[in-house]
There are 2 protein chains.
Amino acid sequence: MAAEKQGKKIYYLNIGQPDLETPAAYYAAVKNFDAATLAYAESPGMPVLIDAVRGYYQGLGVGLEPADVLITTGGSEALLLTCLSILDPYTEVIIPEPYYPNYTTFVHAAGGVIRALPTCPEEGYRYAKRERIESLITKNTRAILITNPGNPTGVVLNQEEMRMIADVAKKHDLFLICDEVYREFCYDDQFGVPTMAHFRDIDDNLVIIDSVSKRFSACGARVGCVVTRNKELQQALLKFCQSRLAVATIDQVGAAALYSVDHEFFRRSKAEYKARRDTVVRRLRDIPGVLVEEPMGAFYVMASLPVDDADKFQEWLLTAFDDRGETVMFAPGAPFYETPGKGVNEVRIAYVLEIPELERAMDLLGAAIVRYRKECMQRETG
Amino acid sequence: MAAEKQGKKIYYLNIGQPDLETPAAYYAAVKNFDAATLAYAESPGMPVLIDAVRGYYQGLGVGLEPADVLITTGGSEALLLTCLSILDPYTEVIIPEPYYPNYTTFVHAAGGVIRALPTCPEEGYRYAKRERIESLITKNTRAILITNPGNPTGVVLNQEEMRMIADVAKKHDLFLICDEVYREFCYDDQFGVPTMAHFRDIDDNLVIIDSVSKRFSACGARVGCVVTRNKELQQALLKFCQSRLAVATIDQVGAAALYSVDHEFFRRSKAEYKARRDTVVRRLRDIPGVLVEEPMGAFYVMASLPVDDADKFQEWLLTAFDDRGETVMFAPGAPFYETPGKGVNEVRIAYVLEIPELERAMDLLGAAIVRYRKECMQRETG
């Protein structure tokens, strides 16, 4: 990137790529793999990995049959195949905004339409409002898609909210697609390790999107899964799984090994991200004009900045700003919204750097906001 | 499977899973990979692999820019993303039948419709007939999709036929999607290593589907690519590549190493498959009533059998037949056809076993046909 070519150091807080070490179990399993021919794995996933996933869910108190788990190439393929399986052209999916922008590509690939459920920074982006959700349901609605814990907001649903959303899906006979890839990252004990899979009365509605990427700091493995007890959907998904033959063999072997790491790994990861969250939120609150609610999960925080346009501000940070040769990069907010004009002065900050680096990045943000506003004011009055 | 549970040995000639050893270079590269964090690779593919692919094409006399190659999760994802990028609901793709059945899933996922270009066993399944192709073109046609060398037929186009199809695509402004994953498996020197990429006047039409799966006996790596010089299509594909973030990191590292194997590997693979083809075709010709043309490439042969229904015959082979506890399995022909009723007495035989096993499998087929016809006749007259 141009800023780096100018010799600037950039603190990257724009992508959700965890920096923690991948457990050694992954590499050990991969190195031990020694089949003479690297053959196609089974289309629904390798039994060793399906069993590992089932064992993990059993640990959460959720019993699953082998057929309830379909291994996919990351949570991304899990979402794409789910959309292709349940959506027809012009059918609708309700998604709280701001949301992960790639949802748009997956829904549109299947010909679907997104109905955005609005939230606002002042309410901490909380979306579990029954009337607001139900007001969006039409005869074309097929699904509600939520991310819990949330990306980009870090919002975590409490039990009552989860139950309410499950009730709405059941009452209106909708799929409830629950992207739970950040499940292990909840920073308040009240939430435990949240999953909708406990609600057995929505077995036919529920589709869980899962992945090893964030959970085990193993994004490059591209191993995820769809978990559903809906038999008809299982068949539709299986058809797509068969059409693309298999998920990479060695990565499935490695992913199965990841599920053998002990609970201490999750505890350490969570403690580290919680300390980072505390740092970022404390520092953001110290910057005049910044609006931020403490996120309860994932490793993102959405903040409203006292700037006219976060995209312009980001461009300026890269091209016109530095402090001792350093600058910082966020994800501008607007792409996380379906509704035009929303999120313009918001950013998503991924706290995927170590604390001293986060401290420095927040110094830079604070200094940059002051300088940017000054320059804007000078332009207006000059 | 039930037949195996009964203790039967089955000769599997039904799937295109090569049995040759994967080159050691793959495993060596994978074992050497030691990044502390297994991070997302670049969305269009890792530069090391893109360069390896470009180097391979350079060896064929085809120069490619880095942007002309997009790495995918196998040839399957290459096809799915291509269909999602170029097809709208109700647009049409012309495909010679019989064809790889998963094409149907990919085309339908994008809302497209398949127009089958008919062939017949009597003509050796050859499809390069200009009038027949042009008669299928309508205002909704977006693409011609061919597999060269062909799966399931083993048909290889000669230079004149390739040029004619390129001309048709150019004249009618259609995409020409050329699945060339079997490119290295041509058993007649006249074909060399065929690729449409030599025709530079169809740069805007041509989309090549490629993969390491068959070429390097590495199906489980799930590494393929789309090769196209059409800039607009590159952008559409890139959007999908970004939405699913990346292809598995370690497999890309391994696949890049595969491209370093020397030419001797291709020569040995080809010699082995050629000897197998010769065995299977010779033995098939010795079975009365079997119609077969010698396939020129890939590792499949399509044969017409003197039975009423290949699907019923296959079922009978598994449940009611054995010779000294052994039986054989093919892929029945009908699923390779779009047109209902076609291929009913045909089978696809994948010659992916060693010669002594192929000989035994052909013994079994010959004996089974005699016994099956006798039983059918007895039922009819009894």
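In this predicted model, the lining of the largest pocket comprises, by class, 20 nonpolar, 14 polar and seven charged residues. The space enclosed by the largest pocket amounts to about 1,100 Å³, and its lining is formed by 41 residues, among which Tyr40(A), Leu245(A), Ile15(B), Gly16(B) and Arg348(B) lie nearest the centre. Two or more residues of this lining are given by each of several elements, namely helix H8 (231-243) of chain A and, from chain B, helix H4 (74-86), helix H5 (102-109) and strand S7 (206-211). The largest share of the lining of the largest pocket comes from H4(B), which gives four residues.

The second largest pocket holds about 900 Å³ of space. Its lining consists of 36 residues, and those closest to the centre are Ile15(A), Gly16(A) and Tyr100(A) from chain A, together with Tyr40(B) and Leu245(B) from chain B. The elements that give two or more residues to the lining of the second largest pocket belong to chain A, and they are helix H4 (74-86), helix H5 (102-109), strand S7 (206-211) and strand S12 (331-332). Of these, H4(A) gives the most to the lining, with four residues. When the residues that line the second largest pocket are divided by class, 19 are nonpolar, twelve are polar and five are charged.

Terms used
Residues numbered from 1 in each chain as written. Chains lettered and ligands numbered in written order. Predicted model: local features only at pLDDT ≥ 70, side-chain atom pairs only at ≥ 80, totals over all residues. Heavy atoms only, no water. 1 Å grid on protein atoms, 1.4 Å probe; cavity = no way out; pocket = protein on both sides within 12 Å on 5 of 7 lines; lining within 4 Å. Points joined across faces, edges and corners; volume = space filled by probe spheres on them. Nonpolar A, V, L, I, M, F, W, Y, C, P; charged D, E, K, R; others polar.
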